[in-house]
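Biologist: I'm used to gels and assays, not coordinates. Could you walk me through how to read a model like this one?

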Amino acid sequence: MAEREQSLSLNVGKPGLIKGRSWPIHLALCLAMIIILFPLAYAALISTQTNAEVFRFQLTPGTGLSDHFDQVWNERNIGRFMWNSVVQAVLITVAKTVLSLLAGLAFVYFTFRGKWIVFFFVLITLMMPTEVMILALFRFVSDLGWKDSMAGLVVPFAASATGAFLFRQHFANLPRDLAEASQIDGATPLQFLFRILIPLSWNTIGALAVIQFVFVWNMYLWPVLIVSDQDKQVVQVGLQGLQGIETGLTFGPLMLAALLVSIPPILVFIALQKPFMSGFALGADK
Amino acid sequence: MGIILSLLIAAVVGGVSFGYRTRRHAAFGAGLGLLGGSVILAAMGFCMFDAEAESTEAVLGVTLAAAFAWMFGAGSRAVLDQSGDGKAGGGFGDSEIRTGAYRLGWWWPWLLLSPTLIILVFFLYWPAIQTFRLSTKLTRLGAPRQAERCLGNFSELLVPNPFLVAALPLAAIGVMWGIGLWHRRANPDTWSFGVARTLRPFGIVFLLLALYFIFENENGGYRQIYLNTLIISVGTVALSMIFGLGLAYLSYQHIRGITVYRTLLIWPYAISPPIAGILFFMMFNATGGVVAAVASRWGIDLPDYTQNASLARFTIILASVWKLLGYNLLFFLAGLQTVPRDQIEAAALDGANAWQRFRRIVLPALGPIGFFLLITNLTYSFFDVYGTIDFLTKGAPAGATSVAIYELIRVGVDNGDLGRGAAQSVVLFLAVIGLTAWQFKQSEGRINYGGA
């Protein structure tokens, strides 16, 4: 009994499902961790080695790191790609969060004619992945003259059914008295949204922000199609230039770039892990 | 003749999919089916039944009419069911609002919704319609001229035998339906029930096999692409879900440092598919990679994965599983919170061993989250795998790793053949719709639209 209370206060959930000694579990988890970490650790090793050292299968750090960094950062200008991706990610995340908040507000706090049609109209888009219509979308956005522009990278992804439903669900679980009280105070819906709902929704907003940031940062197919100007390119596509076999592939710079590009989403994920877990994944136990 | 037949079939399909409990239901459903079928056929100008059209095109026309009839029937049924009782879809009937609704001008909610709706209309609905329109044309990227091809882009993907194209999928659906009926009708105490229950999950195999045989095999036909997609997606989904569940089960234990383990196991979620491709490109590289080096030290002469079809597919599966593992772990962990703990303790007292407790209590409780993961992992292995393939194999060797999305970009963008690419998009679209329909059928009202 005492153990159970202690475990609850530690906030790691209730005692495990397997009874018995814990070292086999430690062993298994360590093994899994080594396997899962290996590709990244190996890439880190290679990123320091020149091609000659790679082909010798040297197991210690090599001598090429500063050269590689110079090549990746100055010649390939990967910082430029990262900046473009940051701008794209911030714009999409902010736009999607705001539009989803507004849609959630309309769905939960208003009654209006044709609501279920709108709901159905939004719901259906969940089974319409962009990839399926990517050729037509590509042609449409090209016709708008948005090739090689931030608008082409951002606007098609500025709204989503997922976000709208996420906030709709969250608002529907909030106490009803909040809306009543704020109406008695004479607040407009937007005041209600900004003063009451948003402060109560940071976990959900955080969860959506993590998902959106990682989604945009990792976006590949769409920028491949829509951006051809190297100055406007985003990170994942920017990596292509380093794999160019024709110019003689060096492994080190490619690995270094892959690692650099992976750092921001992992940092965002770790920094916002708490709201992510509580606002999204573990929403099952409200 | 063809038109009448397809409209007749559309009416029957509409009635069946809408529900035929009363005569009025059946008539209404048939009307919906007729409407759905004639909408799509009229949109294409009934071209598939022209004298000069191939017979495969006529078969496709009938199928198309039936599919749209089904969409109209089943869609209306879903809408009616949902608006009938509010709780099924989280409720979008007005019954959900008891108190606290704003009573302002009618335009307020529309104003709030308009940005979302405008973007969905222009960047999802419009391209979707355009995809269907492009798929019937012969048109090149950037060229203004186009020619009508009716369903020619589609019949190119299929074997040139209209009988097979019609009969195989129908037979597979018939077998699936028959097994389902057998399962429902059989007496639960007899062996026949056991056989039916065992056979039931295999129904889908018949459908997948039938599709394999209707895709064109000659000179670079679509059958190869279908097979690649099937192997890579089934391999990825199966492995990533099994390992994800195992890891989640391990990291749900109450031991010291578990949060550190969890964080270190989940992070590959944040890695992109292209970078997963780059990391595995390095490890499996024939000249500089660690895998080949270790294998040769052990006396195994591993072929270059870019030259060997099975190894190339396996490498892609491995990279995708590695990338998906953290995601699955995260959601299975969430799912494990819902496992009824008192039942496990009671079962343990009754002498059930760890495997029995896992099989009988934990697995059933994980059903809904497992189903959600099945769908998201399938989506990943259909679409997001593009980046991994582009960095690992680029479809090599000889197209053995070119999955549907990769092929559709190769045809539509690299070759600039927009019409043929759009036809492949429609095929992929149908696969997604089929999957979603299956998802709706499986979850039957207990889906949570907020969770995805």
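**Reading the two chains**

Modeller: Sure. Chain B has 18 helices and two strands, while chain A comes to 17 helices and zero strands. Keep in mind that this is a predicted model.

Biologist: What size of box do the C-alpha atoms of chain B fill?

Modeller: Roughly 70 × 60 × 60 Å, taken along the principal axes. Of the 452 residues in chain B, 41% are buried; for the 286 residues of chain A, the buried share is 45%.

Biologist: And how do I read contacts along the sequence?

Modeller: Take pairs at least 6 apart in sequence and ask what share join residues at least 24 apart. That share is 68% in chain B and 74% in chain A.

Biologist: Which domains is chain A divided into?

Modeller: Domain 1 covers 2–71 and domain 2 covers 72–285. Where they meet, 13 residues of domain 1 of chain A are in contact with 13 residues of domain 2 of chain A. On the domain 1 side, the elements giving two or more residues are α2, α3 (51–55) and α4 (65–75) of chain A. That side divides into five nonpolar, seven polar and one charged.

Biologist: What about the domains of chain B?

Modeller: The assignment for chain B gives domain 1 (1–80), domain 2 (159–214) and domain 3 (217–443). The centres of domain 1 and domain 3 of chain B, taken over C-alpha atoms, are separated by 36 Å.

Biologist: How do I read the contact between the chains?

Modeller: People often describe an interface by the accessible area lost when the parts come together. Here we can count residues instead: 91 from chain A and 93 from chain B. On the chain A side, helix α2 (residues 23–47) gives the most, with 13 residues. By class, that side of chain A has 68 nonpolar, 16 polar and seven charged residues.

Biologist: Okay, and what should I look for in a core?

Modeller: In soluble globular proteins, nonpolar side chains tend to be buried together. In this model, the largest nonpolar core has 193 residues, and Ala258(A) and Ile405(B) touch the most other members. The largest share of this core comes from helix α13 (residues 309–336) of chain B, with 16 residues.

Biologist: Which residues is Ile405(B) in contact with, leaving aside its neighbours within four places in sequence?

Modeller: Glu131(A), from the other chain, plus Phe382(B), Phe383(B), Tyr386(B) and Leu428(B).

Biologist: How can I check the length of a helix?

Modeller: Use the rise of 1.5 Å a residue. Helix α12 (residues 202–217) of chain A has 16 residues, so it should span 22 Å, and its end C-alpha atoms are indeed 22 Å apart. α12(A) is also mostly covered, with 13 of its 16 residues buried.

Biologist: Let's try a single residue. Is Met241(B) buried, partly exposed or exposed?

Modeller: Count the other C-beta atoms within 10 Å: buried needs 20 or more, and exposed means 12 or fewer. Met241(B) has 19, so it is partly exposed. Met241(B) lies in helix α9 (residues 222–251) of chain B.

Biologist: And what does Met241(B) touch, leaving aside its neighbours within four places in sequence?

Modeller: Asn328(B), Leu373(B), Leu374(B) and Asn377(B). Also look at Gly370(B): Met241(B) and Gly370(B) are 129 residues apart in sequence, yet 8.0 Å apart in space, C-alpha to C-alpha.

Note on methods: Residues are numbered from 1 along each chain as its sequence is written. Chains are lettered from A and ligands numbered from 1 in the order in which they are written. This is a predicted model: local features need pLDDT of at least 70, side-chain atom pairs count only at pLDDT 80 or more; totals for chains, interfaces and linings use all residues. Two residues are in contact if their C-beta atoms, placed from the backbone, lie within 7 Å. Helices (H or I, at least four residues) and strands (E, at least two) are DSSP runs, numbered from the N terminus. Ala, Val, Leu, Ile, Met, Phe, Trp, Tyr, Cys and Pro count as nonpolar, Asp, Glu, Lys and Arg as charged, and the others, Gly among them, as polar. A nonpolar core is a set of buried Ala, Val, Leu, Ile, Met, Phe, Trp, Tyr and Cys residues joined through C-beta atoms within 7 Å. Domain bounds come from an automatic or database domain assignment. The expected span of a helix is 1.5 Å times one less than its number of residues.
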